[in-house]
Amino acid sequence: MQKLLVCYKWVLDEQDIKVTGDLSLDTGRAKYKISDYDKNAVEAGVLLGEQHGVSVEALTFGTAAVKQSLKDALSRGLDKVYWIGDAAAEQADAFVTANILAGAIKKAGPYDLILCGEGSADSYSQQTAPRLATLLGIPAITFVRQLSVADGRVTAIRKLGDCTEEVTVTGPAVISVLPEINKPRIPGLKQVMAAAKKPSEEVKVADLGLAAGELAPKVRSLSVKGYVMDRKKVIFKEANQADNVAKLVASLAQEGLC
Amino acid sequence: MPGIWIYSEDSAVARQLLTAGLELKNAMKQPVAVLTLSGEEAQTFIDAGADKVYVVKGSNPWPESYANAVADLLTKEQAGVLLVGGTMRGKDLAAKVAASLKAGLVTDALRVACAGDGIETTRLVYGGLAVRTETVTLPALVTIPPRTFAEAAVQGTGQGEVVIVEVANDDNRVSVTNVCPIVRQGADIAAADRIVCVGRGLSKKEDLTMVEALAAAVGAEIGCTRGISEDYRWLPNDRYIGISGQKVKPELYIGLGISGQVQHVAGIRDAKVIVAVDSNEKAPIFEAADYGIVGDLYEVVPLLTKAMQK
């Protein structure tokens, strides 16, 4: 094993997004973060890199804002980040994203393993890893909860709702990892300082040799509206908890639930 | 055959998708075909209204290995729409097929309809905070989560064509071993009628006995947030409820010490009645609850347990 790649997405922190009265989304106060699921992929890549003494690079595609991600990404133990900051990311669907990532991987690669999170924290469409594998002509092993590499072979335990399976792959592959695979490290001051000295390289979409059709999304957003739970919101907040419980039980009795 | 195609490695899910497929059939005036790996189930799809069933047969039993074969068949048949059962295997296969067909794919659609020369869908984004309506140009792929639709009813004449398609799906780069069913501790919470769910408000693992007592009094299964199963590992992962975990539809959900992050709430939104107990009056869970008690769960839960036992 010579070289690993992790793909990550720089997303708005959904905890900071507010749903306004007309159900539009107010993202004005939202900060960006590395998608939570991708932090697990970064950690899985860096752990493998440390175990096998190989270089771990990362690739990210986003709007111009993605450049802000470099320091955080590099402080997590990566050796280098390739970043693509392009306005096309605003409208990109998984078709476009995978085409761009695959183009960049063909340019910067080859890689023995390409790691992705199970989905992204914003759109969670869970398509990037399998699409990338198909575009690169290599196997995809998705929903991996445990990963090891020995004698040039990768062994992954997948978790698939009703069963687990062990998959062994020879040669390069794309892996998507489940959040349960690890606990991402929290970079310390030393790692953050070291990140400033690590290399990053901008990749331009125009240099990837993609046709116009490969950059035109197939899925277009018509509207995004805040999801409102239509709930009763009857809240009991007296100091006497016995009273609150009695009122709750009376309400549940009315609902026919006790 | 252009038209609407359905695939799932799980035949029950395929019959659920037929319900959505038959609606599209009416709107698009095109036939519905089911692609299946299970020859013995073929007639059940015809009985439920499929015009044609393709039984895809290869030498490799791994469902994911059929992606290329499915893509080839759909290209040859000039399929317009492919609905895929949104199991994990289904989502994996759908993305590979979409990449091969250079097609758009919407994952986990809650609604799918014909709209102009495309397909219109709605799905959750930002961890369940918002709903996005999208259009996908044809050929369009959509995955639909299991249990979104009821299985299509037996109808019509039961006449339809069953075609066996032999495909090559060997891949000597990949070998699959040790397929183990996940043995759940207790019942499947996705199907539970009542759920008591615990979050980070619980201060130590031993206090789960208090939660178990409430669950016993209510007749509920125990669920938890992602933090409890993945960070603390107090409960198995198949107990965690949320957008990336279990999605539940109980009659009654009681959340204890749960702040109500959108990712968790996305997993409980189909509950009939949501009850929340949390010490923080401003916790977002109260916005998602029918009934709530603001208070220390260590004080409230024993009282509630006692009251529910009566």
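Let me start with charge. In this predicted model, chain B carries 30 positive and 37 negative side chains. The centres of those two sets lie 2 Å apart.

Those charges belong to a chain of 310 residues, of which 60% count as buried. For the accessible surface of chain B, the computed value is about 12200 Å², and carbon and sulfur atoms account for 50% of that area.

As to the fold of chain B, the assignment gives eight helices and 16 strands. The C-alpha trace spans about 65 × 45 × 35 Å along its principal axes. If we take the contacts in chain B between residues at least 6 apart in sequence, 64% of them join residues at least 24 apart.

I turn now to the salt bridges. How many does a search of the whole structure find? Over all chains, the search returns 37. I shall discuss three examples.

The first example is in chain A, where A:Lys159 and A:Glu180 form a salt bridge, with 3.1 Å between the closest N and O atoms. A:Lys159 belongs to strand β10, residues 153-159, while A:Glu180 sits in the loop between β12 (173-177) and α5 (189-195), so the bridge ties together parts of chain A that are 21 residues apart in sequence. Are these two residues buried or exposed? Both A:Glu180 and A:Lys159 are buried.

The next example takes us to chain B. Here B:Glu64 and B:Arg89 meet through their side chains in a salt bridge, at 3.0 Å from N to O. B:Arg89 lies in helix α4, which covers residues 88-101, and B:Glu64 lies in the loop between β3 (52-57) and α3 (67-77); the pair thus links distant parts of the chain, 25 residues apart. B:Arg89 is buried, as is B:Glu64.

Helix α4 of chain B also supplies a residue to the last example. Which residue pairs with B:Lys91 in a salt bridge? The partner is B:Asp108, and the closest N and O atoms are 3.2 Å apart. B:Lys91 is in helix α4, whereas B:Asp108 is in the loop between β5 (104-106) and β6 (111-115), 17 residues apart, and again distant parts of the chain are linked. B:Lys91 and B:Asp108 are both buried.

Finally, some salt bridges share partners, and these join residues into one network: A:Arg158 and A:Glu165 from chain A, with B:Glu64, B:Arg89, B:Asp92 and B:Lys96 from chain B. The pair B:Arg89 and B:Glu64, which I described a moment ago as a salt bridge, therefore reappears here as part of that network.

Technical notes: Residues are numbered from 1 along each chain as its sequence is written. Chains are lettered from A and ligands numbered from 1 in the order in which they are written. This is a predicted model: local features need pLDDT of at least 70, side-chain atom pairs count only at pLDDT 80 or more; totals for chains, interfaces and linings use all residues. Side-chain values use heavy atoms; hydrogens and water are left out. Helices (H or I, at least four residues) and strands (E, at least two) are DSSP runs, numbered from the N terminus. Buried means under 20% relative accessible area, exposed over 50%, partly exposed in between (1.4 Å probe, protein chains only). Contact means heavy atoms within 4.5 Å. Accessible areas come from the Shrake-Rupley method with a 1.4 Å probe; for residues, only the protein chains shown count as cover. Lys and Arg count as positive and Asp and Glu as negative; His and the chain ends are not counted. The place of a charge is taken as NZ of Lys, CZ of Arg, CG of Asp or CD of Glu. A salt bridge is a side-chain nitrogen of Lys or Arg within 4 Å of a carboxyl oxygen of Asp or Glu.
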